[in-house]
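Subject: Structure handover

Hello,

Here is the structure I said I would pass on. Please have it open while you read the notes that follow.

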Amino acid sequence: MFRPHRLSLGLVVPIETYAKSPVPTMADHVKRIQLVEELGFSAIWLRDVPFNVPSFGDAGQTYDPFVYLGLLAGQTERIALGVASIILPLRHPAHVAKAAVTADVLSGGRLILGVASGDRPEE
């Protein structure tokens, strides 16, 4: 993903339209991510959205990012697996570290981990 003097492109999950609901269906998401990899994209990015806050209007993908990373690590081969970003105040740092290292090892070193304080008052 980080090749000198080269532009890389990635996509953010969910890879679907969900205009009529704040929560996507996540139908065929693994097939879509495999297609993204096949098409040559450099990264797939997950969001850590721990709560569906109706006033925010977008729950994004609501899967636990570390469980989801484990699934994607086993279903993809080359694409970087990014999390933008883990809501660190809601998780124990030791658990985040262990989960991140596990996902990185299981994916063959493809994890990119971002951490943040959250973007919703509930977080």
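**Aromatic pair**

There is one aromatic pair in the structure. Its members are Tyr63 and Tyr68, arranged edge-to-face, with 5.3 Å from centre to centre and 90 degrees between the planes. The two residues fall into separate exposure classes: Tyr63 has a relative accessible area of 34% and is therefore partly exposed, whereas Tyr68, at 3%, is buried. Please bear in mind that this is a predicted model.

**Helices**

Tyr68 also takes part in the packing of two helices. Helix H1 (residues 29-38) and helix H2 (residues 65-75) pack at an angle of about 55 degrees, and their axes are 11 Å apart. This angle makes H1 oblique to H2, because oblique covers angles that are not roughly parallel, roughly antiparallel or roughly perpendicular. The crossing of H1 past H2 is right-handed. On the H1 side, His29, Val30, Ile33 and Gln34 make the contact; on the H2 side, Tyr68, Leu71, Leu72 and Gln75 do.

H2 has a second set of neighbours in the sheet. The helix lies across strands E2 (43-46), E3 and E4, and runs at about 175 degrees to E3.

**Sheet**

The sheet is open and has four strands in the order E1-E2-E3-E4, paired in parallel. Strands E1 (10-12) and E4 (111-116) are at the edges; each has a single partner strand, so one side of each has no neighbour in the sheet. On average, neighbouring strands are turned by 20 degrees against each other, with direction ignored.

Strand E3 covers residues 80-87 and is joined to E4 by five bridges, the two strands running parallel. In one of these strand-to-strand links, Ile86 has Val115 of E4 as its bridge partner.

**Start of the chain**

Where does Met1 sit? Met1 belongs to the segment before E1. Its relative accessible area is 32%, so Met1 counts as partly exposed; the class runs between the buried limit of 20% and the exposed limit of 50%.

Which residues does Met1 touch, once neighbours within four places in sequence are left aside? They are Ser8, Ser42, Ala43, Trp45, Ala80 and Ile112. For one of them, Ser42, the separation from Met1 is 41 residues in sequence, while the C-alpha atoms are 5.4 Å apart in space.

Regards

How values were computed: Residues numbered from 1 in each chain as written. Predicted model: local features only at pLDDT ≥ 70, side-chain atom pairs only at ≥ 80, totals over all residues. Heavy atoms only, no water. Pairing = 2+ DSSP bridges. Axes fitted to C-alpha atoms, helices over the stretch in contact; angles between N-to-C directions. Contact = heavy atoms within 4.5 Å. Buried < 20%, exposed > 50% of the residue type's maximum accessible area, 1.4 Å probe, protein only. Phe/Tyr/Trp six-rings, centres within 6.5 Å; stacked < 30°, edge-to-face > 60°. Parallel < 35°, antiparallel > 145°, perpendicular 65-115°, else oblique. Left-handed = near helix turned anticlockwise from the far one by under 90°.
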